[in-house]
Amino acid sequence: MIFGRSFWRLVIRFFARPILPFGLDFLVLAPLVLGLDETGIGPFYLAFSPLIVLTLGVVNLPLTAQVFRLFSMDSATKRNHALEHATIHFLLRNKARVSGGRAEGTGFRVSGGAKPADIRKAFTEVERLITNRQRIPHISRHCGSNLVTSLALALLLLAVVTALCLFLHPSLAVRAALLAGVPIAFILIRHTVGNSIQARFFMATDFVGATIRSIRDVPLDPVMERGPVRFVETLVTLPDAQ
């Protein structure tokens, strides 16, 4: 690796807090919006436009990659994503050690050191809810998809405000109010919007049964996970398979 593990963990922590990359984007664009009446602001941004575009591109490249990854998720992974969230919900409720998870087509990963017995116990609670046709707790505000949608929402709001100000050229007071409204709106609605998008596009609960085939230790991703990591292979039953 060109950079060490600590460097990449620092990068991930930066992007895991949507307010940080959003704050950088805000600091880059806010002077342009507020300084439209200044004669030197236009030439300044024009002169430094390659650097500005490069900065915004680097900051938002991980977001773009994650958006493509999330929206290309197949149905099997979406189902295991729901099972992963529900299992981790009960693991946390049972005070088991867990730091995160990640869904795949044949199951899901649980990192942080949860014991296989604890995972089976938590999954049994999920099975019980599925069998009783009850809703499983599969929506989480801490999901990585929420981080992505939160940042995308913030950037969309900021881009719309910037474009409106550049084309309509409202007064300074209006521009300042619009800019101030962006972070306020972001903070107020990001979890609601994130949870809605998560449920609509990144989850599937169209199964009528689910069991564990096996639980095995797997190598951890040294950047994304904390060990030990268990892979929970699942068997999902769909309505037409009964």
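Which residues form one aromatic cluster? The cluster consists of F71, F201 and F202, and the points below, which concern a predicted model, return to it after a look at the chain as a whole.

1. Overall architecture. The protein chain comprises eight helices and four strands, and when it is read along the sequence these elements follow the pattern α-α-α-α-α-β-β-α-α-α-β-β. The C-alpha trace spans about 70 × 40 × 30 Å along its principal axes. Of the 242 residues in the protein chain, 37% are buried. Among contacts between residues at least 6 apart in sequence, 74% join residues at least 24 apart.

2. Aromatic pairs. Searching the whole structure gives four aromatic pairs. One of them joins F44 and Y45 in an edge-to-face arrangement, with 5.8 Å from centre to centre and 75° between the planes; the pair counts as edge-to-face because the angle between its planes is over 60 degrees. The two partners fall into separate accessibility classes, since F44 is partly exposed at a relative accessible area of 45%, whereas Y45 is buried at 12%. Another pair, between F201 and F202, is tilted, with its centres 6.5 Å apart and an angle of 50° between the planes. Here F201 counts as partly exposed at 34% relative accessibility, while F202 counts as buried at 1%.

3. The cluster and the charges over rings. F201 and F202 belong, together with F71, to one aromatic cluster. F201 also has a charged neighbour, for the charged end of R200 sits over the ring of F201 at 5.0 Å from its centre. A second arrangement of this kind involves R190, whose charged end sits over the ring of F186, 5.4 Å from the centre of that ring.

4. Surroundings of S145. S145 lies in helix α7 and is buried, with a relative accessible area of 3%. Once its neighbours within four places in sequence are set aside, S145 is in contact with L70, Q198 and F202, and the last of these, F202, is a member of the aromatic cluster with F71 and F201. For a reader who wishes to place S145 relative to I187, the two residues are 42 residues apart along the chain, and their C-alpha atoms are separated by 16 Å.

5. The second largest pocket. Which elements give two or more residues to the lining of the second largest pocket? The pocket itself holds about 180 Å³ of space, and its lining is made up of D25, L29, L32, Y45, I52, V53, L56, N60, L155, L158, A159 and T162. The elements that give two or more residues to this lining are α2 (19–34), α4 (49–71) and α7 (144–168). By class, the lining has nine nonpolar, two polar and one charged residues. Y45, which is among the lining residues, is also the buried partner in the edge-to-face pair with F44.

6. Positive phi values. Where does the backbone show a positive phi in a residue other than glycine? R133 is one such residue, with phi near 60°, and H169 is another, with phi near 50°. Most residues other than glycine have a negative phi. R133 lies in the loop between α6 (116–131) and α7, and H169 lies in the loop between α7 and α8 (172–201). The accessibility classes are as follows: R133 is exposed, with a relative accessible area of 58%, and H169 is partly exposed, with a relative accessible area of 41%.

7. A buried serine in a strand. S111 lies in strand β2, which covers residues 107–111, and at 4% relative accessibility it counts as buried because this value is under 20%. Apart from its neighbours within four places in sequence, S111 is in contact with V98, S99, G100 and G101, and also with E225, R226, P228 and V229.

Terms used: Residues are numbered from 1 along each chain as its sequence is written. This is a predicted model: local features need pLDDT of at least 70, side-chain atom pairs count only at pLDDT 80 or more; totals for chains, interfaces and linings use all residues. Side-chain values use heavy atoms; hydrogens and water are left out. Rings of Phe, Tyr and Trp (its six-membered ring) pair if their centres lie within 6.5 Å; planes under 30 degrees apart count as stacked, over 60 as edge-to-face and the rest as tilted. Buried means under 20% relative accessible area, exposed over 50%, partly exposed in between (1.4 Å probe, protein chains only). A charge sits over a ring if NZ of Lys or CZ of Arg is within 6 Å of the ring centre and within 35 degrees of the ring normal. On a 1 Å grid over the protein atoms alone, a cavity is a set of points where a 1.4 Å probe fits but cannot get out, and a pocket is an open set with protein on both sides within 12 Å along at least five of seven lines; lining residues have an atom within 4 Å of a point. Grid points are joined across faces, edges and corners, and a volume is the space filled by probe spheres set on the points. Ala, Val, Leu, Ile, Met, Phe, Trp, Tyr, Cys and Pro count as nonpolar, Asp, Glu, Lys and Arg as charged, and the others, Gly among them, as polar. Contact means heavy atoms within 4.5 Å.
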